[in-house]
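Me: Please take a close look at one part of this model for me. I'd like to follow the polar contacts of its buried serines into the sheet and core around them.

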Amino acid sequence: MSRRTRTARRRPVAAAFLAAGAVLLPAGPASAASGADQDFVIEDPRITESSGLAASRKHPGVYWTHNDSDDGAYLYAVDSRTGKTVATVTMTGVGEPRDVEAISLGPDGNLYVGDIGDNLGGTWDHVWIYRFPEPAELGDRTVAATQFTVQYEDGPRDAEALMVHPKTGRVYLASKKQSGGLLYAGPEKLSAQGVNVFRPTGAEVDWVTDGAFSPDGSELVLRSYLGAKAYDWKGDGSLGEPRRLSAPLLGQSESVTYTADGTGLMYGAEGARSRVVRVDVEKRDGEGGEGRAPEGTKSPGATDADGAGGGGEADGGEGRPTSTAGLVVVGVVVLAWLGLRKGRRGAK
């Protein structure tokens, strides 16, 4: 099956999620603060399926992103001050990407690009990671990337999250399953020769569409369609107890990254002129204060539709639907999406 056919099948689902997002997150003003690392809209008409985000370390306020299919070996640098693309990078030496789903910046100054998606539920016997140095200057350019072949120890998996630890440089992947997904650790150093085997760490994670380490490496945030959770990082690949975060519902929610200074989380989604929304990093118990949740999102105590539970109901504001009503819509969309996946599997 061609990638174009797979993309065509995904579009009704994406449209349904966008419709649900319109209920849950009504249009409103951008963040009151101006400047870099605040809410913005991706203006580039070429970017219609932004599936990953990574905050630049060399260019303050700039975020790297990419489409997830049918686009080629391209990456885009978007300035959060304007939403405009300030660089397009074309990778060479990587063949034809199949389903690019994630991007992360390592402590070595390299961008790591995860061609790790598998919309057929895990049928490819290998996937790829591409790596190249983050450009020192912005502007359109072609770069030679290193390609790494990846296999999972326990067989093929669909995945959309790639995270590089900011201290050790080790690469981690999270498989995408509604329940029973796993976190996988790569070898200490990736090798361009042979196959890099990723092994489960023992941590179970559900329905992950993206993830990001905090800049100090002490915390891992994992995003799903309907929420986000933060975990203390234990260093051996195990995770602490999850903490629900105030994450915006943005249609087909696909991406998350920390700001370069670690004070905020930037959440993105697929779609033309898609929004990227900043949420200040929430203070932990005992640290005092709470982070700013963007207008229209759930409160930290609201029930998560991804099964996190919790008490209370978040009101979307005067004249807006409550999040409970919106979650009913999302629930219908989720059931439809699962039905499409089941149908695809039966068609193989």
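Reply: A polar contact here is a pair of N or O atoms within 3.5 Å; within protein, one must be able to donate a hydrogen and the other to accept it, and residues adjacent in sequence count only if both atoms are side-chain atoms. The model is predicted, so local features need pLDDT of at least 70 and side-chain atom pairs pLDDT 80 or more, while totals for chains, interfaces and linings use all residues. Residues are numbered from 1 along each chain as its sequence is written, and side-chain values use heavy atoms, without hydrogens or water.

Let's start with S56. The side chains of S56 and E134 make a polar contact at 2.4 Å. S56 belongs to the loop that runs between β2 (54-55) and β3; strands (E, at least two residues) are DSSP runs numbered from the N terminus. With a relative accessible area of 3%, S56 is buried, the term for values under 20% (1.4 Å probe, protein chains only). Setting aside residues up to four places away in sequence, S56 touches V62, W64, L105, E134 and A260; touching means heavy atoms within 4.5 Å.

Now for the second serine, S80. The loop between β4 (74-79) and β5 (85-92) holds S80. Its relative accessible area is 3%, so S80 is buried. A polar atom of the S80 side chain lies 2.9 Å from the backbone nitrogen of D37. D37 is one of a run of contacts: apart from neighbours within four places in sequence, S80 meets G35, A36, D37, Q38, D39 and F40, and also G61 and Y63.

The strands flanking these loops, β2, β3, β4 and β5, sit side by side in an open sheet of 5 strands, ordered β2-β3-β4-β5-β9 with mixed pairing. Two strands pair if DSSP finds at least two bridges between them. At the edges are β2 and β9 (141-144), each pairing on one side only. Between β3 and β4 the pairing is antiparallel, over 4 bridges. Y63, already listed as a contact of S80, stands opposite V78 in β4.

W64, which S56 touches, leads into the core. It is among the residues with the most contacts inside the largest nonpolar core, together with L75, M91, I103, V113 and F132. That core has 20 residues; a nonpolar core is a set of buried Ala, Val, Leu, Ile, Met, Phe, Trp, Tyr and Cys residues joined through side-chain atoms within 4.5 Å. Two or more residues come from each of β3 (62-65), β4, β5, β6 (102-105), β7 (110-115) and β8 (127-133). V113 gives a good view of how these pieces meet: beyond four places in sequence, V113 touches L75, M91, V100, A102, I103, W128, I129, Y130, F132 and L162. L162 itself is part of a second, separate core of 17 residues, which also includes Y112, V164 and L182.

For context, here is another sheet to set beside this one. Its 4 strands run in the order β15-β16-β17-β18, again as an open sheet, with antiparallel pairing. β15 and β18 (243-244) are at the edges with a single partner strand each, so one side of each is left without a neighbour in the sheet. β15 joins β16 (residues 219-224) through 4 bridges in the antiparallel sense, and A212 stands opposite V221 in β16.

Terms used
Buried < 20%, exposed > 50% of the residue type's maximum accessible area, 1.4 Å probe, protein only.
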